[in-house]
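Here is a friendly walk through one protein model, written for someone who would like to find their way around it. Please keep the viewer open as you read.

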Amino acid sequence: MAKDHEEDLTLHDLIEGPTRDLTSARAAALAQTNARPTSDDHEVDGTSGDPQGSQLHDRPSEGAAGRRRVELDGLPASGALYRRALLGVVPGVGGRRGTDVPALELAVGGVAVDQAHLADYDRVCGFRLTDRLPATYLHVLGFPLSLRLMTGPGFPIPLTGVVHVANRITVRQPVEVGERVDFHTYAENLRPHERGRQLDVVLIGSIGGEEVWRGVSTYLGKERAAGGGPRRDRGDRPAPPDSSARWRVTPRVGTDYARVSGDHNPIHTSKLGARLFGFPRPIAHGMWSKARCLAALEPRLPEAYTVDVSFKLPVPLPSTVAFSASAAGAGWDFALHSARDGRPHLAGSVR
C-alpha cells in the first residue's frame with residue numbers, strides 16, 4: 001500500500017529517498033536532456049562510480065575571478081544529491097568541510113522549460129497560468145546546479161540543516177516558455193555570523209549569451225562555536241502592518257513545493273527531519289513564501305525589477321500567515337507575519 005502523501009518520513013526514507021524530485025513531465029524532459037551522448041558513461045548527478053562525489057566529468061575552462069568553470073552535460077538529479085548530503089552528516093561518513101568557498105563555477109547550457117511543470121509550480125505558489133516565467137521559477141529551474149555545487153567535496157557549509165536567510169532576484173527581461181536558458185553558479189563571500197557562518201550562492205541565467213536573470217541566495221550554516229559577526233538588534237519588535245490577505249499554510253505546502261522545486265530538505269517535509277535539525281515541526285520553504293508574496297503582487301510588477309527578501313522567523317507547518325504590501329515610489333514593500341501573534345516571517349521589496 002502506498003504511503004499517505006503527508007505521512008512523516010522515517011530515517012531510512014530520509015537517506016534513501018525520495019528520488020522523484022520533480023513532476024513526471026519534467027523528469028521525462030530532464031531524462032532527454034541528460035541522455036546526450038558523451039565520452040563517459042556517467043551517472044546523472046555528474047559522478048561515475050564515486051560515492052563521495054569527488055570527481056566531475058566535465059569540460060573545464062577558466063571562469064571569472066579565477067574560478068575553474070565546469071560545463072555539465074545536463075542538470076543533476078537532486079534526489080541523489082540530497083541522499084549524499086544526508087549521508088554526509090552521519091558520523092564517520094561525511095568528509096571534511098572546506099575553510100573557504102570553492103574556486104569553482106558550474107555551468108549547464110540549453111535548459112528547457114517544461115510547460116506542465118511550470119503550470120504545476122504556478123498552482124503551488126499562487127501565480128497565474130501564463131507562458132511568462134515568474135521571477136522565482138528560474139531559481140527552481142537552475143536549483144539542481146546550485147545543489148550540485150553545495151554538495152560537492154569541501155563545501156564549507158553542510159547542506160542538511162542549512163538556513164536560507166535572504167534571497168535577491170534581478171529580472172533583466174522577461175523569459176517565456178520555449179526559450180532555452182544557460183545557467184552558471186558559484187559561491188562567494190563566506191563570512192562569520194553570530195550563529196555560525198554564512199555565504200552567498202549566485203545563480204545566473206542567460207539566453208543567447210546575454211544575462212536575463214540573476215539570483216543570490218544567502219545561506220547560514222549554524223555552528224556551536226559561532227564565528228562572531230554582527231549581532232541582530234534585540235530591541236522591541238515593531239507592530240506588524242495591517243494585512244491585506246491571510247493564507248492558511250498546511251503541511252502539504254511543504255511536500256508540494258518540494259515536489260515542484262526539487263528542494264527535498266527534510267526540515268520542510270518531515271517531522272523527524274525537522275526535529276533532527278532543531279525545529280519542533282516542519283517549516284515552509286523560504287522560496288515558497290517569497291513566491292507566494294510575489295504572486296500576490298503579480299499584476300503590479302514591471303517587466304524588469306529586483307525583488308529582495310530577508311527571511312525572518314520560519315513559517316511552521318501548519319499555520320496561518322498575514323500578507324501586507326504598500327507602495328514605495330515605483331516599487332513595493334511587503335511582509336509576511338504570523339496571523340496569530342504578529343511574529344515576522346519575511347520582509348521584502350520590489351524596485
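The report below starts with the whole chain and then visits a few places in turn.

## The chain as a whole

Please bear in mind that this is a predicted model. The protein chain holds 8 helices and 12 strands. Of its 351 residues, 51% are buried.

How far apart in sequence are the residues that touch? Among contacts with a separation of 6 or more, 72% are between residues 24 or more positions apart.

## Helix H4 and its two ends

Helix H4 covers residues 115-125 and is mostly covered, with 8 of its 11 residues buried. Those buried residues are His117, Leu118, Ala119, Asp120, Tyr121, Asp122, Val124 and Cys125. The list takes in Tyr121, a residue that comes up again in the core.

Both ends of the helix are worth a look. At the N-terminal end, Asp114 acts as a cap: one of its side-chain oxygens lies 3.2 Å from the backbone nitrogen of Ala116. Just after H4 comes Gly126, with a positive phi of about 95°.

## H4 against H6

Now turn to helix H6, residues 251-261, whose axis comes within 10 Å of that of H4 and crosses it at roughly 155°. An angle over 145 degrees counts as roughly antiparallel, so H4 is roughly antiparallel to H6. Their crossing is left-handed.

Which residues make the contact? From H4 they are His117, Asp120, Tyr121, Val124 and Cys125, and from H6 they are Asp256, Tyr257, Arg259 and Val260. Tyr121 and Tyr257 both belong to this contact, and both are also among the core residues that touch the most other members.

## The largest nonpolar core

In soluble globular proteins, nonpolar side chains tend to be buried together. Here the largest nonpolar core has 69 residues, and Tyr121, Phe183, Tyr257, Phe334 and Val350 touch the most other members. Helix H5, residues 137-150, gives the largest share of this core, 9 residues.

Phe334 is a good residue to centre your view on. Beyond its neighbours within four places in sequence, Phe334 is in contact with Cys293, Leu297, Val307, Val309, Phe323, Ser324, Ala325, Leu346, Ala347, Gly348, Ser349 and Val350.

## Val201 in strand E6

Strand E6, residues 196-207, contains Val201. Is Val201 buried or exposed? With 3% relative accessibility, Val201 counts as buried, because the cut-off for buried is under 20%.

Val201 and Tyr186 are 15 residues apart along the chain, yet their C-alpha atoms are separated by 5.8 Å. Leaving out neighbours within four places in sequence, the contacts of Val201 include Ser146, Leu149, Met150 and Phe155, together with Thr185, Tyr186 and Ala187. Gly215, Val216, Ser217 and Tyr219 are also in contact with Val201.

## A cis proline ahead of strand E10

The peptide bond joining Leu317 and Pro318 is cis, with omega at about 5°. Pro318 sits in the loop between strand E9 (305-311) and E10.

Ser319 is in strand E10, residues 319-328, and counts as buried at 12% relative accessibility. What does the side chain of Ser319 reach? It reaches the backbone oxygen of Pro316, at 2.7 Å. Apart from neighbours within four places in sequence, Ser319 is in contact with Trp247, Arg248 and Val249.

## The E1–E2 loop and Asn189

Gly66 lies in the loop between strand E1 (59-62) and strand E2 (68-72), and Arg67 is in the loop between E1 and E2 too. At 48% relative accessibility, Gly66 counts as partly exposed, whereas Arg67 is buried, with a relative accessible area of 11%. Glu105 links to both of these loop residues in the list of distances: the side chains of Arg67 and Glu105 make a polar contact at 3.3 Å, while Gly66 and Glu105, 39 residues apart in sequence, are 9.6 Å apart from C-alpha to C-alpha.

One more backbone detail is found in strand E5, residues 181-193, which contains Asn189. Asn189 is not a glycine, but it has a positive phi of about 60°. At 44% relative accessibility, Asn189 counts as partly exposed.

Definitions and conventions: Residues are numbered from 1 along each chain as its sequence is written. This is a predicted model: local features need pLDDT of at least 70, side-chain atom pairs count only at pLDDT 80 or more; totals for chains, interfaces and linings use all residues. Side-chain values use heavy atoms; hydrogens and water are left out. Buried means under 20% relative accessible area, exposed over 50%, partly exposed in between (1.4 Å probe, protein chains only). Helices (H or I, at least four residues) and strands (E, at least two) are DSSP runs, numbered from the N terminus. A polar contact is a pair of N or O atoms within 3.5 Å; within protein, one must be able to donate a hydrogen and the other to accept it, and residues adjacent in sequence count only if both atoms are side-chain atoms. A nonpolar core is a set of buried Ala, Val, Leu, Ile, Met, Phe, Trp, Tyr and Cys residues joined through side-chain atoms within 4.5 Å. Contact means heavy atoms within 4.5 Å. Axes are lines fitted to C-alpha atoms, for helices over the stretch in contact, and angles run from 0 to 180 degrees between N-to-C directions. Angles under 35 degrees count as roughly parallel, over 145 as roughly antiparallel, 65 to 115 as roughly perpendicular and the rest as oblique. A crossing is left-handed if the near helix is turned anticlockwise from the far one by less than a right angle, and right-handed if clockwise.
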